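Reader: I'm new to this one, so could you walk me through it slowly? I'd like to go place by place, with room to ask as we go.

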Amino acid sequence: MNVAVVGLGAMGANALWRLAERGVSVVGFEQFTLAHPLGSSHGATRLFREACLEHPDLTPIAQLAKTLYRELEEHSGEELLRITGGVMMGAPDSDVIAGTRAAASAHGLALTDLSHAELAERYPQLAGLAETDVAVLDPGAGVAFPEPTIRAAVDRARSLGAAVVENTRVLAVEPGDDGVIVRTATGEWLADRVILAQGAWLAAELPWIELQPIRTPMTWFGPRATAADGASHAPSDVAAPDATEFALERLPVFVRQLSESEVLWGHGTVGAVAGPEKGALIKAGVGDIWQERVRIDPEQLDRGVTPADWRQVSALLAKAVPGIESLPARVDPCMVTISPDDQFVVGRSPRHPRVIVGGGDSGHAFKHAPALGEILARFALDEPQLVDTAFIDPARFA
Ligand SMILES: Cc1cc2nc3c(=O)[nH]c(=O)nc-3n(C[C@H](O)[C@H](O)[C@H](O)COP(=O)(O)OP(=O)(O)OC[C@H]3O[C@@H](n4cnc5c(N)ncnc54)[C@H](O)[C@@H]3O)c2cc1C
């Protein structure tokens with residue numbers, strides 16, 4: 001059996017690794033360089049949660065991913081996933097609180113309720129919840145590191161004999177009775193199976209699923225006293241915050257639902273924070289229920305930034321994390337690819353048994369990437385799955 005993987009981003013790099021780990025002959029194609037900033041998997045961090053709000057069957061996938069992150073760390077010697085704990089905040093019946101509790105109780109995960117006083121004591125940067133809101137600590141949450149994870153997966157696969165063709169776009173995939181022909185501008189390969197893991201570019205390949213690539217900017221903000229010009233912008237009645245308060249160790253992953261349609265997520269600065277001059281930046285974004293979903297062509301992604309890219313997140317930060325600058329220090333466009341039911345599209349194509357699909361990330365796939373790679377490898381090799389994959393089966397859209 002030999003397998004071709006098209007796209008070496010989050011899902012494809014990990015599929016390549018999991019196939020190579022089994023001794024399968026595998027070749028991976030990436031149109032750009034590895035871990036590039038032009039798709040969906042750049043920007044240094046992604047939130048990791050086991051108590052996944054988005055679907056009850058995601059928890060076993062997150063747990064498998066965690067095991068595989070640790071395995072990959074052993075091979076790479078690099079940290080790929082840091083568990084910090086996560087603070088979930090909102091009304092008791094909000095999606096964030098009710099969803100976290102439902103996922104935790106379905107899978108026996110422990111959560112800790114934090115009173116307003118405990119929240120203020122442990123995480124003063126997040127204090128100031130509405131009277132009726134609650135805070136829940138999820139000890140299994142943290143951040144994954146996307147670029148090193150992709151590099152580690154491809155490096156490990158290469159060391160096991162996988163072939164990697166970078167800076168080469170796959171122009172055509174032609175499945176037939178005897179195999180699948182994969183064509184690039186410089187050659188063609190015949191594979192027994194092909195895995196299509198093309199992120200935002202997958203939408204054009206699978207017109208029978210309404211995959212919607214959307215532009216999703218990432219934003220980083222500094223504490224008020226650490227604006228880029230070095231001047232303190234704290235109003236005179238507000239003490240300039242200590243930059244170390246915003247280090248990841250002190251300000252872990254948080255998700256706060258401020259109203260039915262407003263969700264803010266973020267986390268503190270990753271790495272040692274020596275002081276304002278080192279540019280302590282917290283990363284924050286809005287949940288996609290608050291975003292306008294405008295379908296884009298990934299080839300035409302607008303990389304210019306405008307205030308529209310940070311207005312919403314800045315407004316929510318002002319309410320939820322006082323002490324943060326209202327203007328971002330860094331903005332970086334990214335993309336997610338939304339499926340019609342906001343779940344991944346991972347499994348055998350109903351159109352051809354030799355084609356395996358890995359996409360439709362719907363904005364929450366990175367944390368699961370090593371497990372999605374394992375799932376894709378199992379589909380390619382006709383091995384039974386370790387976790388339930390019916391809810392992400394591409395056939396649901398056939
Ligand atoms: C702002 C933002 C915040 C996010 N936050 C989180 C989070 O907190 N937690 C979380 O779990 N997830 C999060 N996500 C989602 C997560 O990043 C994505 O789900 C994940 O990165 C998608 O991976 P992918 O493999 O589908 O796509 P990608 O990683 O983009 O990989 C697709 C690859 O295919 C290549 N390719 C495409 N076509 C071809 C071709 N014809 N030939 C060769 N190569 C090709 C592309 O160049 C690319 O490298 C976030 C995403 C964004 C944008």
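Author: Let us begin with one side chain, bearing in mind that this is a predicted model: a polar atom in the side chain of Arg378 lies 2.7 Å from the backbone oxygen of Pro384.

Reader: Okay, and where is Arg378 found?

Author: Arg378 belongs to helix α8, which runs over residues 369-380.

Reader: Does Arg378 count as buried or exposed?

Author: Arg378 counts as buried, because its relative accessibility is 13% and the cut-off for buried is under 20%.

Reader: Let's switch to the ligand. Which residues come nearest to the ligand?

Author: There are 33 residues around the ligand, and those that come nearest are Glu30, His36, Ser41, Arg46 and Asp361.

Reader: How far is the side chain of Glu30 from an oxygen atom of the ligand?

Author: An N or O atom in the side chain of Glu30 is 2.6 Å from an oxygen atom of the ligand, and for the side chain of Arg46 the corresponding distance to a ligand oxygen is 2.7 Å. Lys367 takes part through its backbone, where an N or O atom lies 2.8 Å from an oxygen atom of the ligand.

Reader: And how much of the ligand's accessible area does the protein cover?

Author: On its own the ligand has 1,000 Å² of accessible area, and the protein covers 96% of that.

Reader: What kinds of residues make up that shell?

Author: The shell around the ligand divides into 15 nonpolar, 13 polar and 5 charged residues. As for where they sit, α1 (10-21), β3 (46-48) and β20 (335-338) each supply at least two residues of that shell.

Reader: Tell me about α1, then. How many residues does α1 have, and how far does α1 reach?

Author: α1 has 12 residues and reaches 17 Å from its first C-alpha to its last, which is close to the 16 Å expected at 1.5 Å a residue.

Reader: Is α1 mostly covered or mostly open?

Author: α1 is mostly covered, with 11 of its 12 residues buried. Among those buried residues are Met11, Asn14, Trp17 and Arg18.

Reader: What follows α1?

Author: α1 is followed by Gly23, a residue whose phi is positive, near 80°.

Reader: Different topic: how many disulfides does the structure hold?

Author: The structure holds 0 disulfides. Cys52, for instance, is in no disulfide, and the nearest cysteine sulfur, which belongs to Cys334, is 19 Å away, whereas a disulfide needs the two sulfur atoms within 2.5 Å.

Reader: Are Cys52 and Cys334 buried or exposed?

Author: Cys52 is buried, with a relative accessible area of 1%, and Cys334 is buried too, at 5%.

Reader: Where does Val357 fit in?

Author: Val357 has its place in strand β22, residues 355-359, and Val357 is buried, with a relative accessible area of 0%. Its C-alpha atom is separated by 26 Å from that of Glu292, a residue 65 places away along the chain.

Reader: One last residue: where does Glu245 lie?

Author: Glu245 lies in the loop between β15 (218-221) and β16 (253-259), and with a relative accessible area of 21% Glu245 is partly exposed. Although Glu245 and Gln125 are 120 residues apart along the chain, their C-alpha atoms are separated by 7.5 Å.

Note on methods:
Residues are numbered from 1 along each chain as its sequence is written. This is a predicted model: local features need pLDDT of at least 70, side-chain atom pairs count only at pLDDT 80 or more; totals for chains, interfaces and linings use all residues. Side-chain values use heavy atoms; hydrogens and water are left out. A residue is near a molecule or strand if one of its heavy atoms lies within 4 Å of it. A polar contact is a pair of N or O atoms within 3.5 Å; within protein, one must be able to donate a hydrogen and the other to accept it, and residues adjacent in sequence count only if both atoms are side-chain atoms. Accessible areas come from the Shrake-Rupley method with a 1.4 Å probe; for residues, only the protein chains shown count as cover. Helices (H or I, at least four residues) and strands (E, at least two) are DSSP runs, numbered from the N terminus. Ala, Val, Leu, Ile, Met, Phe, Trp, Tyr, Cys and Pro count as nonpolar, Asp, Glu, Lys and Arg as charged, and the others, Gly among them, as polar. Buried means under 20% relative accessible area, exposed over 50%, partly exposed in between (1.4 Å probe, protein chains only). The expected span of a helix is 1.5 Å times one less than its number of residues.
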